[in-house]
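Got your viewer open? Let's take a walk through this one together, one selection at a time.

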Amino acid sequence: MTFLEKIKQPVFWRNLAKVAIPFFIMVTLISLFMNSWRDIFAGDFAKVNQVNFADGKWKSFWGIKIFICFFYGLWITNKKMK
């Protein structure tokens with residue numbers, strides 16, 4: 001089955017969500033811990049916000065993760081579906 005035939009099936013998109021959403025959560029948590037682990041454990045969430053999300057940083061923070069997770073889910077789902 002070709003890639004274009006696979007993406008026309010609703011089960012393909014459900015499987016993509018099953019892969020991409022947990023991967024997105026995992027990547028987000030790892031990224032937050034890598035960038036601000038000390039502030040997270042200290043409970044200084046204003047500093048976490050300032051480091052990761054303030055002044056338009058949220059666009060690149062979320063944008064890169066959404067892009068990577070979507071294409072990772074697309075690749076894995078395409079590879080595993082027959």
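Here is a tour, helix by helix, with a few single residues along the way. One thing to keep in mind at every stop: this is a predicted model.

**Stop 1: helix H2**

Start by selecting residues 10–42, which make up helix H2. Where is the kink in H2 centred? Click on serine 36: that's the centre of a kink of about 95°.

Now colour the buried residues of H2: Phe12, Leu16, Ala20, Phe23, Thr28, Ser31, Leu32, Ser36, Asp39 and Ile40. Notice that Ser36, the centre of the kink, is in that buried set too. What do the buried residues of H2 pack against? Show helix H1 (3–7), helix H3 (45–52) and H4, and you have their partners.

Before moving on, click on glycine 43, which follows H2. The phi of glycine 43 is positive, near 80°.

**Stop 2: H2 meets H3**

Keep H2 on screen and add H3, residues 45–52. The two pack at an angle of about 150°, and their axes are 9 Å apart. Angles over 145 degrees count as roughly antiparallel, so that's the label for H2 and H3. Their crossing is right-handed. To see the contact itself, show side chains for Leu32, Asn35, Ser36, Asp39 and Ile40 on the H2 side, and Phe45, Lys47, Val48, Val51 and Asn52 on the H3 side. Sort the residues of this contact by type and you get 5 nonpolar, 3 polar and 2 charged.

**Stop 3: the loop and H3 with H4**

Next, pick aspartate 55, in the loop between H3 and H4. Aspartate 55 isn't a glycine, yet its phi is positive, about 55°. Is aspartate 55 buried or exposed? Its relative accessibility is 79%, so aspartate 55 counts as exposed.

Carry on to H4, residues 57–80. The axes of H3 and H4 come within 7 Å and cross at roughly 80°. That makes the pair roughly perpendicular, because angles of 65 to 115 degrees get that name. Which residues make the contact? Select Gln50, Val51 and Asn52 from H3, then Lys57, Trp58 and Phe61 from H4. This contact divides into 3 nonpolar residues, 2 polar and 1 charged.

**Stop 4: H2 meets H4**

Hide H3 for a moment and look at H2 with H4. Their axes come within 8 Å, crossing at roughly 140°. H2 and H4 are therefore oblique to each other, and the crossing is right-handed. The contact of H2 with H4 has 18 nonpolar residues, 7 polar and 1 charged.

**Stop 5: two residues to zoom in on**

First, alanine 20, which sits in helix H2. With 10% relative accessibility, alanine 20 counts as buried. Setting aside residues up to four places away in sequence, alanine 20 touches Cys69 and Gly73. Try the distance tool here: between the C-alpha atoms of alanine 20 and alanine 42 there are 30 Å, and the two residues are 22 apart along the chain.

Then jump across to threonine 77, in helix H4. Threonine 77 has 2% relative accessibility, so it counts as buried. What does threonine 77 touch, not counting residues up to four places away in sequence? Light up Phe12, Asn15, Leu16 and Val19. Phe12 and Leu16 also appear among the buried residues of H2 from your first stop.

Definitions and conventions
Residues are numbered from 1 along each chain as its sequence is written. This is a predicted model: local features need pLDDT of at least 70, side-chain atom pairs count only at pLDDT 80 or more; totals for chains, interfaces and linings use all residues. Side-chain values use heavy atoms; hydrogens and water are left out. Axes are lines fitted to C-alpha atoms, for helices over the stretch in contact, and angles run from 0 to 180 degrees between N-to-C directions. Helices (H or I, at least four residues) and strands (E, at least two) are DSSP runs, numbered from the N terminus. Angles under 35 degrees count as roughly parallel, over 145 as roughly antiparallel, 65 to 115 as roughly perpendicular and the rest as oblique. A crossing is left-handed if the near helix is turned anticlockwise from the far one by less than a right angle, and right-handed if clockwise. Ala, Val, Leu, Ile, Met, Phe, Trp, Tyr, Cys and Pro count as nonpolar, Asp, Glu, Lys and Arg as charged, and the others, Gly among them, as polar. The bend at a residue is the angle between axes fitted to the seven residues ending there and the seven starting there. Buried means under 20% relative accessible area, exposed over 50%, partly exposed in between (1.4 Å probe, protein chains only). Contact means heavy atoms within 4.5 Å.
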